[in-house]
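Student: Hi! I have a structure open and I'd like to talk it through. Can you help me find my way around?

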Amino acid sequence: MRKLYCFDFDGTITYKDTMFMYLKFYDPAKFRLQFLKHVPLFVLLKLKLAETEKVKKSFIGSILKGQTQEKIEKKSRQFFDEHYPKIIRENALDFIQNIDRDNTQSLLVTASLDIWAKPFAEAFNMQLVSTKAEFQNGVFTGNFIGRNCNGKEKLERIKAEISDQKYDKIIAFGDTSGDKPMLKWANEGHYQFFH
């Protein structure tokens with residue numbers, strides 16, 4: 001029986017949102033300053049008066065724009081080494097470690113940037129489907145390649161990733177409204193399964 005697992009990352013497999021953790025880890029002083037500057041935007045976001053993608057791009061860019069890919073990747077590895085497996089839900093880790101790899105394809109599907117999600121995907125032995133950071137001449141532009149990987153976009157990215165492969169069962173795990181299209185599409189959609 002051939003299965004496809006689609007796991008959301010932040011909140012589903014982890015205890016915390018990794019975006020804020022990573023940006024704070026990358027440059028604590030800059031993080032504090034930019035966080036305060038972005039508070040009005042975060043409030044508008046909560047009130048659904050601002051676009052998630054724009055606010056996210058602005059906040060991430062305010063800390064990482066202009067940084068070299070080499071430095072970003074080095075910091076991502078350090079971030080992973082410091083926080084893995086502490087931020088991972090134990091039952092999620094246990095589940096992942098017991099996946100039958102011979103008959104299962106596993107995707108880590110996340111709105112987080114590939115910048116810091118990649119080492120986790122590698123540790124989980126999963127293909128990464130995420131929001132992609134744009135680099136030009138080895139420097140982060142502050143932009144994304146394509147759209148923020150959330151909501152309907154998550155599902156579009158999954159479909160593009162698996163292309164025309166066939167599965168006997170597709171099982172998805174998520175914990176927010178941004179995972180709903182993916183959960184509805186799967187044969188089995190598990191909401192807050194590891195909580």
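Student: Which residues lie nearest the centre of the largest pocket?

Tutor: Happy to help! Keep in mind that this is a predicted model. Asp17, Phe20, Leu45, Thr52 and Asn150 lie nearest the centre of the largest pocket, and its lining has 24 residues.

Student: How much space lies in the largest pocket?

Tutor: About 780 Å³.

Student: And what kinds of residues make up the lining?

Tutor: It's a mix: nine are charged, eight are polar and seven are nonpolar. As for where to look, helices α1 (18-26), α2 (28-46) and α3 (52-64) each supply at least two lining residues, and so does strand β2 (104-113).

Student: New topic. How many disulfides are there?

Tutor: Zero, after a search of the whole structure.

Student: Why is Cys6 without a bond to another cysteine?

Tutor: Because the closest cysteine sulfur, in Cys149, is 11 Å from the sulfur of Cys6, which is too far for a bond. A disulfide is a covalent bond between two cysteine sulfur atoms, and here the cut-off for such a pair is 2.5 Å.

Student: Is Cys149 buried or exposed?

Tutor: Cys149 is buried, at 0% relative accessible area. Cys6 is buried too, with a relative accessibility of 0%.

Student: Back to β2 for a moment. What does Ser106 touch?

Tutor: Ser106 is in strand β2. Leaving aside residues up to four places away in sequence, Ser106 touches Tyr5, Phe7, Ile99, Arg101, Met126 and Gln127.

Student: Does Ser106 count as buried or exposed?

Tutor: Buried, because its relative accessibility is 5% and the cut-off for buried is under 20%.

Key
Residues numbered from 1 in each chain as written. Predicted model: local features only at pLDDT ≥ 70, side-chain atom pairs only at ≥ 80, totals over all residues. Heavy atoms only, no water. 1 Å grid on protein atoms, 1.4 Å probe; cavity = no way out; pocket = protein on both sides within 12 Å on 5 of 7 lines; lining within 4 Å. Points joined across faces, edges and corners; volume = space filled by probe spheres on them. Helix = DSSP H or I, 4+ residues; strand = E, 2+ residues; numbered from the N terminus. Nonpolar A, V, L, I, M, F, W, Y, C, P; charged D, E, K, R; others polar. Buried < 20%, exposed > 50% of the residue type's maximum accessible area, 1.4 Å probe, protein only. Contact = heavy atoms within 4.5 Å.
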